[in-house]
Amino acid sequence: MELVREDAEDLERGGVDFGRGRPGLLSCLPSQSPAVSQCGEGSTSAACMEARRQLRPSGVLWLAFASLISCLLAPGQAKVYSRCELVRVLQTFGLEGYRGYSLADWICLAYFASGFDSGAVDYEPDGSTNYGIFQINSRKWCRNLSENATNGCHMYCTDLLNPNLKDTVICAMKISQETQGLSSWEAWRRHCQGQDLSDWVDGCDF
């Protein structure tokens with residue numbers, strides 16, 4: 001799909017608009033109560049006092065937690081692809097031959113990274129999180145609740161859980177543009193690099 005390649009190339013040039021996508025996880029956090037926002041800082045009216053009382057820390061934390069859980073459950077339509085189905089999707093997105101890598105390289109990577117699960121989430125000891133079918137890490141490539149992330153792909157981490165895979169592929173293309181290429185993924189280095197990968201696409205009509 002040429003549009004995906006163009007998006008990846010725009011991202012390489014730094015021209016992708018960060019605000020183009022869905023609002024992602026951060027938008028699920030509750031905003032300030034309208035009642036509180038209308039009160040001055042020093043207001044002591046009964047209505048303002050009651051609004052502030054309802055937003056005491058325990059209540060705010062619970063509301064934030066409930067909102068985050070709801071948002072994390074939103075990608076419930078996550079999809080586990082079959083091998084040949086994923087071959088066809090990645091072929092459509094233009095990954096065959098991209099940066100010198102075959103479709104078999106990408107399929108092998110997806111299998112050992114996530115088992116072809118578009119909704120896979122894995123937590124690292126350093127506090128970062130891996131997202132989606134290629135297990136893209138939040139510390140460098142996407143934005144979550146941490147303000148310290150580099151966000152190299154200019155997207156929210158929850159975008160990487162979308163089963164249509166467009167954002168995931170755009171971000172993976174960006175990562176493959178790095179000097180290390182697919183070696184950026186330990187799963188590819190350990191299981192795919194230097195191997196005969198023909199079986200990964202064998203029998204698939206694409």
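These are my notebook entries on one predicted protein model, written down as I looked things up.

**Entry 1: the whole chain**

I began with the overall layout. The chain holds eight helices and three strands. Going along the sequence, I wrote the pattern down as α-α-α-α-α-α-β-β-β-α-α. Next I checked how much is covered: of the 206 residues, 42% are buried. I also looked up the accessible surface, which is about 11,200 Å². Carbon and sulfur atoms own 50% of that surface. Then I turned to contacts with a separation of 6 or more, and found that 62% of them link residues 24 or more positions apart.

**Entry 2: the sheet**

In what order do the three strands sit in the sheet? I read it as β1-β2-β3, an open sheet with antiparallel pairing. I noted a reminder for myself: strands of a sheet pair through backbone hydrogen bonds, and the pairing can be parallel or antiparallel.

Which strands stand at the edges? They are β1 (121-123) and β3, and each has a single partner strand, so one side of each has no neighbour in the sheet. I then zoomed in on β2 (residues 129-131), which is joined to β3 by two bridges. Across that pairing, Tyr131 stands opposite Ile136 of β3.

**Entry 3: helix α6**

I picked α6 next, which covers residues 103-114. I got 16 Å from its first C-alpha to its last, close to the 16 Å expected for its 12 residues. Is α6 mostly covered or mostly open? It is mostly covered, as nine of the 12 residues are buried. Among them are Leu103, Trp106, Ile107 and Leu109, and also Asp105 and Ser114.

What do the buried residues of α6 pack against? I found three helices: α5 (83-92), α7 (166-176) and α8 (186-191). Just after α6 comes Gly115, and its phi is positive, near 70°.

**Entry 4: helix α7**

Since α7 turned up among the packing partners of α6, I looked at α7 as well. Of its 11 residues, 10 are buried, so the rest of the structure largely encloses this helix. The buried list includes Asp167, Val169, Ile170, Cys171, Met173 and Lys174.

I chose Thr168 in α7 for a closer look. Why does Thr168 count as buried? Its relative accessibility is 1%, and buried means under 20%. Leaving out residues up to four places away in sequence, Thr168 touches Ile133, Phe134, Ile136 and Leu160. I recognised Ile136 from the sheet, where it sits in β3 opposite Tyr131.

**Entry 5: the loop between β3 and α7**

I looked up four residues in this loop.

- Lys140 lies in the loop between β3 (136-137) and α7. It is partly exposed, with a relative accessible area of 39%. Leaving aside neighbours within four places in sequence, Lys140 is in contact with Thr150, Asn151, Gly152 and Glu178. I also took the C-alpha separation from Lys140 to Ile175, 35 residues apart along the chain, and got 10.0 Å.
- Leu145 has its place in this loop too. At 45% relative accessibility, Leu145 is partly exposed. Its C-alpha is separated by 9.4 Å from that of Cys157, 12 residues apart along the chain.
- Asn151 is another loop residue, and one of the contacts of Lys140. Is Asn151 buried or exposed? It is buried, with a relative accessible area of 11%. I flagged its phi, near 60°, as a positive value in a residue other than glycine.
- His154 also belongs to the loop. It counts as partly exposed at 28% relative accessibility. Its phi is near 55°, again positive in a residue other than glycine.

**Entry 6: the largest pocket**

Last stop: the largest pocket, with about 500 Å³ of space. I noted 21 lining residues, and the closest to the centre are Gln135, Ser184, Trp185, Glu186 and Ala187. Which element gives the most to the lining? That is α8, with five residues. I also saw that α6, β3 and α8 each supply at least two residues of the lining. So helix α6 comes up twice in my notes on α8: its buried residues pack against α8, and both helices help line this pocket.

Key:
Residues numbered from 1 in each chain as written. Predicted model: local features only at pLDDT ≥ 70, side-chain atom pairs only at ≥ 80, totals over all residues. Heavy atoms only, no water. Expected span 1.5 Å × (residues − 1). Buried < 20%, exposed > 50% of the residue type's maximum accessible area, 1.4 Å probe, protein only. Contact = heavy atoms within 4.5 Å. Areas by Shrake-Rupley, 256 points an atom, 1.4 Å probe, with all protein chains shown as cover. Pairing = 2+ DSSP bridges. 1 Å grid on protein atoms, 1.4 Å probe; cavity = no way out; pocket = protein on both sides within 12 Å on 5 of 7 lines; lining within 4 Å. Points joined across faces, edges and corners; volume = space filled by probe spheres on them.
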